[in-house]
2 protein chains.
Amino acid sequence: MSRATLKDVAARAGVSYQTVSKVLHGQAQVAPETATRIWQVVHEINYEPNLSARRLRAGATHLLGYAWHHTPSNLVHPVLDAFLHSAAMAAAEQDYHLFTFATHDDKAGDVGAYEELYGRHQVDGFILADTNRGDPRIRFLIEHEIPFATFGRANDDWDFCWVDVDGQQGMERVMAHLVARGHRRIAMISWPEGSQSGWYREQGYWNGLQRAGIAAEAGTIERAENLAPAGAAAMARLLDLPAAQRPTAVVCVSDLVAIGALKAVANAGLEVGRDIAITGFDDIPLVEYLRPPLTSVRQPTLKAGQWVVKMLIQQIEGEPIAHKGILLEPELVVRQSS
Amino acid sequence: MSRATLKDVAARAGVSYQTVSKVLHGQAQVAPETATRIWQVVHEINYEPNLSARRLRAGATHLLGYAWHHTPSNLVHPVLDAFLHSAAMAAAEQDYHLFTFATHDDKAGDVGAYEELYGRHQVDGFILADTNRGDPRIRFLIEHEIPFATFGRANDDWDFCWVDVDGQQGMERVMAHLVARGHRRIAMISWPEGSQSGWYREQGYWNGLQRAGIAAEAGTIERAENLAPAGAAAMARLLDLPAAQRPTAVVCVSDLVAIGALKAVANAGLEVGRDIAITGFDDIPLVEYLRPPLTSVRQPTLKAGQWVVKMLIQQIEGEPIAHKGILLEPELVVRQSS
DNA sequence: AACGTTCGGGCGAACGTTCGCATTGGATAA
DNA sequence: TTATCCAATGCGAACGTTCGCCCGAACGTT
């Protein structure tokens, strides 16, 4: 392999190594023939700059930290995976790279890992996902003035860069769709209280009812952890309601919950899409292959990744930032489950 | 933030900065009180070593390169995602980190990216996944003596470190299961020719037939790209066979193909699990929620990641390597589709 | 003829580490 | 008393960059 240094190039070209450096950066007044000679040697011995040295000198790493979401067992998070992928691509285009790491204690906000990585000059800033109100990571990063940008919102009065998908609007679209289909008794299965994004989706649910002229008293929210079995249990409770109160449509806060709901309906001997409508949220892969294919809300993860990276790099490089918060519109994907 | 240097610590502790360095590494003969004083200052001002400097000095980065699999649009690859996650965790335990990057031209083997990253001292070695026979990346890395380890095999006569899941054995288990269920006319839907791992799975299929005493002439392989619609088309062709030749069970080379097959069966008005058996491969998330839940083969991605990382680090650090190739056993997960 | 100006390039320093070797002072042994 | 030794620390150098400043020569201007 190459692994040559400036001095190797300089020796072969008969100049000082500093001159080589300048030529490579185009910021030297050198005779044209000297420059071409240097470039020739560079290609000949396949010189590549040593980034460790460059980083030490520059005091910047061009690396963006991103913590893996600690998933129990083999449960993955397709939305965040897509986001991560998009962020990686966007970063590469601006000559940055993603540095992924794992925190030990995800929910408690293992702030130590962030402190260490930044203190060690291992990254120039952080990308956060799956944020929540009062998020200790955000609080810490703001306090210590460490550059970062998030995919997800937190407290409204905190001043930082974020990108999020408008979950409220997404759910309003779902509701409008169901109402247009003639549904009047619509229930929701949401996450346990305390989730920021769950709260926005619930707002969309209530707004949807109101716009359809349905009394809030007619609304019902069941709650379940973000797992299919929990969703199934919540759905079973809804199906147990007396016939007059039983919903004809159920909007779910996530696809995983909706998958459980589908199962519960099948267990009850009913048919989703005919006897009852079910919708999900996130449009994770494969939900189009469920039976029936699941109506869902697709998140613009590609744009989200691009924006987050852009804002973070602007911050790192000290450029002014136009908008500190960006809300993206999701897209309703109607399938046979509703 | 901290971002203090050895000199800051030294000044506060009243010693030279080199002494601080030695104390931190425990390789100095210093008076106990000096040591405690230094440690106290270190904690006080929250000193963290600058890794760029350390890396420059050491000539090593403690970073392992891993190329994103270029997925078209939002199609993710759950098996590789799980592998990546596992590798990241394993690396972290040995004080290494993963450095992810994207190649422009995945299939052609954009070898330039590997050369550049290694030449620039950006990584100490590489992890490769989704390998194939004659893989240009592997050829390049061997030629240039760059440390690497792969998840997946290539040419048998190439000498390098790999870990793979025994696809042949996995498929043999599927076949044994189907034969035990009484199936005699079993077809396979595989990928187009040229895939290394597809080839192993086909071997398992043929072996399975043979062990059951079924003539090879009775076997059928249809081929499809790794997409649900392609799988559906292949399945439709099998269903079009005259009744006497039509298989009672179809083993699929992947879950994605199997999902398409499920759909094709449903379209034909038949019921999977009763009228015909279908099996997948990989056990990707959510296939347990399909209707019917899909029988599949689970890959030990956790172990695979750990082994790959271990072998790569041994190589980088110049330690001897016991086994250059490791074959892991997959696990059959029987569900209602078979 | 003396003096600025420009061109072409060298030189020293610094980023923060680590590591081998040198240098103290005090205690011990001869 | 003096040579000896060890413990406790300082010092210089190097990893490969980048950057500002300096310097000689050639040229043109008054």
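Analyst: Two residues count as in contact if their C-beta atoms, placed from the backbone, lie within 7 Å. The structure is a predicted model, in which local features need pLDDT of at least 70 and side-chain atom pairs count only at pLDDT 80 or more, while totals for chains, interfaces and linings use all residues. Residues are numbered from 1 along each chain as its sequence is written, and chains are lettered from A and ligands numbered from 1 in the order in which they are written.

User: How many residues does each chain bring to the contact between chain A and chain B?

Analyst: The size of an interface is often given as the accessible area lost when the parts come together. Here the description is by residues: 46 come from chain B and 47 from chain A. On chain B, at least two residues each are supplied by α4 (51-58), α5 (78-93), β2 (97-102), α6 (111-119) and α11 (255-267). These names denote DSSP runs, numbered from the N terminus: helices are H or I of at least four residues, and strands are E of at least two. The largest share of this side of chain B, 7 residues, belongs to α5(B). By class, the side has 25 nonpolar, 13 polar and 8 charged residues. Nonpolar covers Ala, Val, Leu, Ile, Met, Phe, Trp, Tyr, Cys and Pro; charged covers Asp, Glu, Lys and Arg; the others, Gly among them, are polar.

User: Why can one say that the copies meet through the same surface?

Analyst: The copies do so because 100% of the interface residues of chain B are also interface residues in chain A.

User: By what turn and shift is chain B laid on chain A?

Analyst: Two copies of a chain are related by a rotation about an axis and a shift along it. Copies are superposed by least squares on the C-alpha atoms of residues with pLDDT of at least 70 in both. In this model a turn of 180° and a shift of 0.0 Å along the axis lay chain B on chain A with an RMSD of 0.2 Å. The two copies are therefore related as by a two-fold rotation axis.

User: Which residues come nearest to DNA strand C, and which to DNA strand D?

Analyst: A residue is near a molecule or strand if its C-beta atom, placed from the backbone, lies within 6 Å of it. Around DNA strand C there are 22 residues, of which Gln18(A), Thr19(A), Val30(A), Leu6(B) and Gln18(B) come nearest. The elements giving two or more residues to that surface are α2 (17-24) and α4 (51-58) of chain A, with α2 (17-25) and α4 of chain B. The surface near DNA strand C has 9 nonpolar, 10 polar and 3 charged residues.

For DNA strand D the count is 24 residues, and Leu6(A), Gln18(A), Ser16(B), Gln18(B) and Val30(B) come nearest. Two or more residues of this surface come from each of α2 and α4 of chain A and α2 and α4 of chain B. Its residues divide into 11 nonpolar, 10 polar and 3 charged.

User: At what angle do α1(A) and α2(A) pack?

Analyst: Two packed helices are described by the angle between their axes and the distance between the axes. Axes are lines fitted to C-alpha atoms, for helices over the stretch in contact, and angles run from 0 to 180 degrees between N-to-C directions. Helix α1 (residues 6-13) of chain A packs with α2(A) at about 100°, the axes being 8 Å apart. That makes α1(A) roughly perpendicular to α2(A); the term covers 65 to 115 degrees, with angles under 35 roughly parallel, over 145 roughly antiparallel and the rest oblique. From α1(A), Leu6(A), Lys7(A), Val9(A), Ala10(A) and Ala13(A) meet Tyr17(A), Val20(A) and Ser21(A) of α2(A). This contact of α1(A) with α2(A) has 6 nonpolar, 1 polar and 1 charged residues.

User: What is the strand order of the open sheet in chain A?

Analyst: Strands of a sheet pair through backbone hydrogen bonds, either parallel or antiparallel. Two strands pair if DSSP finds at least two bridges between them. The open sheet of chain A has 4 strands in the order β7-β6-β8-β9, with parallel pairing. Its edge strands, β7 (220-223) and β9 (277-279) of chain A, each pair on one side only. Neighbouring strands are turned by 20° against each other on average, direction ignored. Strand β8 (residues 249-252) of chain A is joined to β9(A) by 3 bridges, and Val251(A) has Thr279(A) as its bridge partner in β9(A). Helix α9 (residues 196-211) of chain A lies across β6 (186-190), β7 and β8 of chain A, at about 175° to β6(A).

User: Where is Pro292(A) found?

Analyst: Pro292(A) is in the loop between β9 and β10 (296-298) of chain A. The peptide bond from Arg291(A) to Pro292(A) is cis, with omega near -5°. In chain B, a cis peptide bond joins Arg291(B) and Pro292(B), with omega about -5°.
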